[in-house]
Amino acid sequence: MASFILRVPTANLRGFSVSAAASSSNGAVPGTGTGSTQKAGPMIVELPLDQIKRPLMRTRANDPNKVQELMQSIQQIGLQVPIDVLEVDGVYYGFSGCHRYEAHQRLGLPTIRCKVRRGTKETLRHHLR
């Protein structure tokens, strides 16, 4: 098992990001090659807000006070917890993080940090029930 030291900048953590991927013995990242049958776990990525479909938006109302508090927090320290997004056939669907998503919209931020899981159309139908 490899070990490493992570040095975190002390100023402006907003632009700081970390990503890691396991590699196989040939150096390839699991689940990324053509013909790969191995499933990759969730990935943390920045996605443009306009690429995330919000299918439950019409049925839920956000608490305006909570959105305002999140806006202040995001301006001061950045988004601390990514929203959960389901990717099905290259389309991204957001089912959680409604307040965080709206706070980003109101702040005029073009992207949001997301925990992306891949799913099937059946998985999507399950979430829409």
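**Notebook: sheet, helices and three charged residues**

I began at S3, where Ile83 stands opposite Cys114 in S5. I am working from a predicted model.

**Strand S3 and its partners.** I looked up both sides of S3. Towards S5, the two strands run parallel and are joined by 5 bridges. Towards S4 (residues 91-94), S3 runs antiparallel, with 4 bridges. Leu86 has Tyr93 of S4 as its bridge partner. The hairpin of S3 and S4 leaves 2 residues between the strands, and in it Asp89 takes a positive phi near 50°. I also checked burial along S3 (83-88): 5 of its 6 residues are buried, and I note the strand as mostly covered.

**The whole sheet.** I then traced the strand order. The sheet is open, has 5 strands in the order S1-S5-S3-S4-S2, and its pairing is mixed. S1 (43-48) and S2 are the edge strands, each pairing on one side only. S1 pairs with S5 in the antiparallel sense, over 6 bridges. Within that pairing I found Ile44 bridged to Lys115 of S5.

**Helices against the sheet.** H2 packs on the sheet, where I find it touching S2, S3 and S5; the direction of H2 makes about 145° with that of S5. I listed the buried residues of H2 (residues 98-107): His99, Arg100, Tyr101, Glu102, Ala103 and His104. Their cover includes S2, H1, S3 and S5 (111-118). Just after H2, I noted a positive phi of about 75° at Gly108. H3 (residues 121-128) lies across S3 and S4 and runs at about 135° to S3.

**Glu87.** Is Glu87 buried or exposed? Glu87 sits in S3. Its relative accessibility is 12%, and because the cut-off for buried is under 20%, Glu87 counts as buried. I looked for a partner for its side chain and found Arg118, with a polar contact of 3.0 Å between the two side chains. Leaving out neighbours within four places in sequence, I list Tyr92, Val116, Arg117, Arg118 and Gly119 as contacts of Glu87.

**Lys53.** I moved to the edge strand S2, where Lys53 has its place. Lys53 has a relative accessible area of 46% and is partly exposed. In sequence Lys53 and Tyr93 are 40 residues apart, yet their C-alpha atoms are 4.8 Å apart in space. Not counting residues up to four places away, Lys53 touches Val91, Tyr92, Tyr93 and Gly94.

**Arg54.** The next residue I looked up was Arg54, in the loop between S2 (52-53) and H1 (64-77). What is the nearest side chain of opposite charge to Arg54? I find Glu102, 8.5 Å away; Arg54 has no salt bridge, although Arg54 is buried. Glu102 is itself among the buried residues of H2. I did find the side chain of Arg54 reaching the backbone oxygen of Ser96, at 3.4 Å. Beyond its neighbours within four places in sequence, Arg54 is in contact with Ile83, Gly94, Phe95, Ser96, Gly97, Cys98 and Tyr101. One of these, Ile83, is the residue I began with, opposite Cys114. Another, Tyr101, is on my list of buried H2 residues.

Methods: Residues are numbered from 1 along each chain as its sequence is written. This is a predicted model: local features need pLDDT of at least 70, side-chain atom pairs count only at pLDDT 80 or more; totals for chains, interfaces and linings use all residues. Side-chain values use heavy atoms; hydrogens and water are left out. Buried means under 20% relative accessible area, exposed over 50%, partly exposed in between (1.4 Å probe, protein chains only). Lys and Arg count as positive and Asp and Glu as negative; His and the chain ends are not counted. A salt bridge is a side-chain nitrogen of Lys or Arg within 4 Å of a carboxyl oxygen of Asp or Glu. A polar contact is a pair of N or O atoms within 3.5 Å; within protein, one must be able to donate a hydrogen and the other to accept it, and residues adjacent in sequence count only if both atoms are side-chain atoms. Contact means heavy atoms within 4.5 Å. Two strands pair if DSSP finds at least two bridges between them. Axes are lines fitted to C-alpha atoms, for helices over the stretch in contact, and angles run from 0 to 180 degrees between N-to-C directions.
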